[in-house]
Amino acid sequence: MSDQTDVLQGTLDLLIMRTIALEPMHGWAIAQRIQQISDDQLRVQQGSLYPALHRLEHQGWIAAEWGASDNNRRARFYSLTRAGRKQLATEVSKWERLSAGVNLVLQRT
Amino acid sequence: MRMFSLLRARLVSLIFRNRQEADLDEELRYHVDRETERLVAAGVDSHTARQQARRSFGSVEGFKEQAREARGTGFLDHLGRDTRHAARRLMRDWRFTTAAVLILGLGIGVNAALFSLVNAVLLRENSVADRERIVDIYQNAPGGGAGGNTYPTYLDMAAYTDVFASSTAAFMPRGVTYREGSAVRQGMAEHVSAAYLQVLGLRPAVGRWFSEAEDARNAPPVAVVGYRAWTTRFASDPGIVGRILRIDGVPVTIVGVGPAGHAATLNLGVHADFWLPIGALPVFLGSDRVFDRRLNEPAFFVKARLQPGVSVARAQAAMSTLGARLAREFPKEDLGAGISVYPSSDVRIHPQMDVIVTAIATALLAIVGLVLAIACSNLATLLLVRGAGRLKEVSVRLAVGATRAQLVRHLLTESVMLALAGGAAGCVLASWTMRWVSSLDLPVAVEVGVDWRVVAFAFALSFVTGVVFGLAPALQSTRIELWQTLRGDGDVRPTGRRWLTLKNALVVFQVAVSVFLLTGTGMSLQMVAAARAVQVGFAVDDVAMLETDLRYAANAADTPRLRAEVLSRVAAIPGVQAAVLTRGFPMEGNGMGIVIEGVAGTGGQIAGASNVWAGPGFFETMRIPILYGRALDERDRAGAPRAAVISEAMARRHFGDVNAVGRRFRSELGQDDWMQVVGVARNTATADLDDEVLNPQRDVFYRPIDQWGVAPNVVVARTTLGSATLVRAMQNELRRVDEALPVLTAKTMRQFLDDSLVVPRGGAMFFAALGALGLCLAGIGLYAVIAFAVSRRAREIGIRMALGADSRHVVRAVAGEVAVLVGVGTAVGLSASLVGILVLRVTGATTSNGVASLSLYQPAIDPVAMVIIAAFAAAVGLVAAYVPARRAARMDPLGALRHD
């Protein structure tokens, strides 16, 4: 477990939006997906997902809807709104620039 | 669009908060269940799985909180929760809470009580229809500024009908008596002209108002009862119309009830009990000279309603023209100072009075504001001490993740709640005080209830108090080095002595302000003492007097017989040596303009002197020695040449010689009413001792009432058998003359003089009460600070005592701390009052005209009073320090080391 990295402050939003860009998902599934996709390299404190989800919803970037989950229970599904897609694109490019920059610094020093 | 959706989301989240809470719960529960299922599927047993799922989720409540905040409804939620928490904490600390609420309640209560007085006098509005169309018109006073109007000038003003749609004159409010059943009571009456209600745009509540015919002199007297008097004194009985009431002994027919919500001409919170027609003035005053155009009869207020489209400026222009014309036509009666027009909404009482009243009200509010400042700083002290005592709680909460902002918010909520509770207590206190004030049988009906303005004032005060005086303690008590507190030391601050702490500053401030207020007591008492020390120059201890109104007698027409009978019966009381019938209380002078014969040309120069009514036996009764000539006696009856006795001072000033017997002077009013000086009397003080300090040795002249057709209303007598007995005997004799004769006043001369000191006495009580209250509060603050310091240094004290320090040392250390705080506070307070006294002396010296002499008399620096005040402060300090010092001294060293 100790070789996992805590999700960087602020990048959680990015990860969430990227994850639900493909299809609407509920909170638990988002957490699972982030963990799977990152090959268990990233650890999301599962609870911390929810404040982030509610914040994004409040900002109008994602929308929530109650629906039936795959095990037939009521779950809250989140999907990306149109504004959210735009925001995701900006965030992704911002992240790429940032990580490229950091990489450069790391390589040259 | 985004704006709207945000707004909508916020509204929805507010309205459907419960729904959302349930949703949030369900969402999080689903997550944990799902995680548990996953773990069970992976082979973990269900109990462990659930635990693990919970653990990997983290703090459910914490995330819920964050989620709520993310949705933006945090603030209201917080407020609700903080309030509940704060309430719970305050309940738990009920002793602290009670103390704080009481302290603030006192502070705010005193302020609210005074504010309700100011409110009644300065803020409450008379009801009037479209106020902005009404103007107040004043003939200017000789010195400039608004004065009063004479009746003929009013008629001249009223003639400008192109400017004024209607206009009215109101005579100065007058104290009257009236008989209700068998009792004669006191009230206030206003004589107004028929157009009064028309100008104000009001209608009588019951019956009718006055007719034009009743403006004419000597019309049969009728009266309208004031609305408030009608409800409070006549039980709102509509049958009052048509009844005959005796007002000042004169039978008057009641024709109506005044409009509700309209107190009187003057917006002073004083309600007119009766409205009387202008035309009835001569009946009540016994003379119709108020209707003449004379220099010193400007006794009318004039109000007018502007014609449509006429501006205040145009009205002013018209009145300026009139003013110039009057100055030309009546050079003797009109000083040519002009006429001023004010919009009624700019005037409360009278343009000149408003300034003074506002200044007094402001000064009083400032003084009681000091008490509030003490109470507030006290609350701050208590909060600081309490905050310091809760360091550990605060540290634990910081450690488990509360932010400092959250803690400050909690503490602030607490202090605001405390302050609001204090405000509520203050309102209750103020309304009690006001109920007490209204229960006093005051001769005027002042409406001093607690209304919404007072409540709003109290709550605004308490809210500001809570925030301002809660903030510093909240900030200070959350500024903590966590590791230090949690390590378990009782003491987290550097142990070195720091004097300049917020707590100490607050205590010093409280002591200083209290001491300052107490010096005010000293000053007022000084004034009382100075007044009592005045050599009055007339008999005091054996003299008694009785005021009545002969017009109430069953057979009022037969007054000469009545007078003779009253006087002879009083004179026959055993022990009575001399008695006199007169008008007004002896030595209560009325200022008048006089003209000395042969001085400064034909017209003579107008000088000021004080008129005292007298009669045969006056000087003997009052034991005022006659230096030259003779006293007034039986020879000075109606029809005989007019005689007067003047004071030594007047003789010297106006006749150039003490022996002025034979010289003549007249009142500035009567053209040919020359009075011959028949005697010169030794100087006396006037009855108004308070005024006497300001204005000693006034020029006085005594006139016999019989020669001026003045009706007597006072019997004065001197006895050898004690004046208190005489007062009772005189009342009995009066009743024997006629049961219907009222006893309006019955006093010994001593009581009468003492009563004239009511203002400085009241001032002394006011300051003493506030100062003592302040010092008590300061004592509580001091106690809190010292007690806390002792408990904080318990370990240090314990170690010292374990190492052999004497308990006396410990006590000395505590006492030293108190002494420094009290000493500094007292010094600051005394210095401030010294500065105050010097300022008063300087300003008092430069503005000693009539109006500004309201700024009291010249205060002196009184070292004895200062020592007493300092001793009082020291005593309070001693009491405050006693308990903590004793606790420190009795501290068991081992227990102290284990402390905390």
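1. Two residues are in contact if their C-beta atoms, placed from the backbone, lie within 7 Å. Keep that in mind as you look at this predicted model and at the place where its two chains touch. By that rule, 21 residues of chain B are in contact with 16 residues of chain A. On the chain B side, the elements that give two or more residues are α1 (2–15), α2 (17–41), α3 (46–57) and α4 (60–71) of chain B. Which element gives the largest share of that side? The answer is α2(B), with 7 residues. The chain B side as a whole divides into 8 nonpolar, 7 polar and 6 charged residues.

2. Now move along chain B to an open sheet of 4 strands. Their order is β15-β23-β14-β24 (chain B), and the pairing is antiparallel. Why do β15 (576–582) and β24 (745–748) of chain B each have one side without a neighbour in the sheet? Both stand at the edges with a single partner strand, so one side of each is left free of a neighbour there. From one strand to the next, the twist averages 15°.

3. Strand β23(B) deserves a closer look. Strand β14 (residues 543–547) of chain B pairs with β23 (residues 714–719) of chain B in the antiparallel sense, over 5 bridges. Try finding two of the residue pairs: Leu546(B) stands opposite Val715(B) in β23(B), and the bridge partner of Val543(B) is Arg718(B) in β23(B). Strand β15(B) also runs antiparallel to β23(B), and 6 bridges join these two. Here Leu581(B) stands opposite Val715(B). As for its surroundings, 5 of the 6 residues of β23(B) are buried, so this strand is largely enclosed by the rest of the structure.

4. Helices accompany this sheet too. Helix α22 (residues 723–737) of chain B lies across β14, β23 and β24 of chain B, and runs at about 30° to β14(B).

5. Next, find a pair of helices in chain B. The axes of α12 (residues 351–389) and α15 (residues 452–477) of chain B come within 9 Å, crossing at roughly 35°. Is the crossing of α12(B) past α15(B) left-handed or right-handed? It is right-handed. Among the residues of α12(B) in this contact are Leu372(B), Cys376(B) and Leu379(B), while those of α15(B) include Leu461(B), Thr465(B) and Phe469(B). What kinds of residue make up the contact of α12(B) with α15(B)? They divide into 11 nonpolar, 5 polar and no charged.

6. Finally, chain A has an open sheet of 3 strands. The order is β2-β5-β4 (chain A), again with antiparallel pairing. Strands β2 (25–26) and β4 (62–68) of chain A stand at the edges, each with a single partner strand, so each has one side without a neighbour in the sheet. Between β4(A) and β5 (residues 74–80) of chain A the pairing is antiparallel, over 7 bridges. One residue pair to look for is Ala68(A), which stands opposite Arg74(A) in β5(A). Helix α1 (residues 11–20) of chain A packs on this sheet and touches β2, β4 and β5 of chain A. The direction of α1(A) makes about 100° with that of β5(A).

Definitions and conventions
Residues are numbered from 1 along each chain as its sequence is written. Chains are lettered from A and ligands numbered from 1 in the order in which they are written. This is a predicted model: local features need pLDDT of at least 70, side-chain atom pairs count only at pLDDT 80 or more; totals for chains, interfaces and linings use all residues. Two strands pair if DSSP finds at least two bridges between them. Axes are lines fitted to C-alpha atoms, for helices over the stretch in contact, and angles run from 0 to 180 degrees between N-to-C directions. A crossing is left-handed if the near helix is turned anticlockwise from the far one by less than a right angle, and right-handed if clockwise. Ala, Val, Leu, Ile, Met, Phe, Trp, Tyr, Cys and Pro count as nonpolar, Asp, Glu, Lys and Arg as charged, and the others, Gly among them, as polar. A residue is buried if 20 or more other C-beta atoms lie within 10 Å of its own, exposed if 12 or fewer, and partly exposed in between; C-beta atoms are placed from the backbone.
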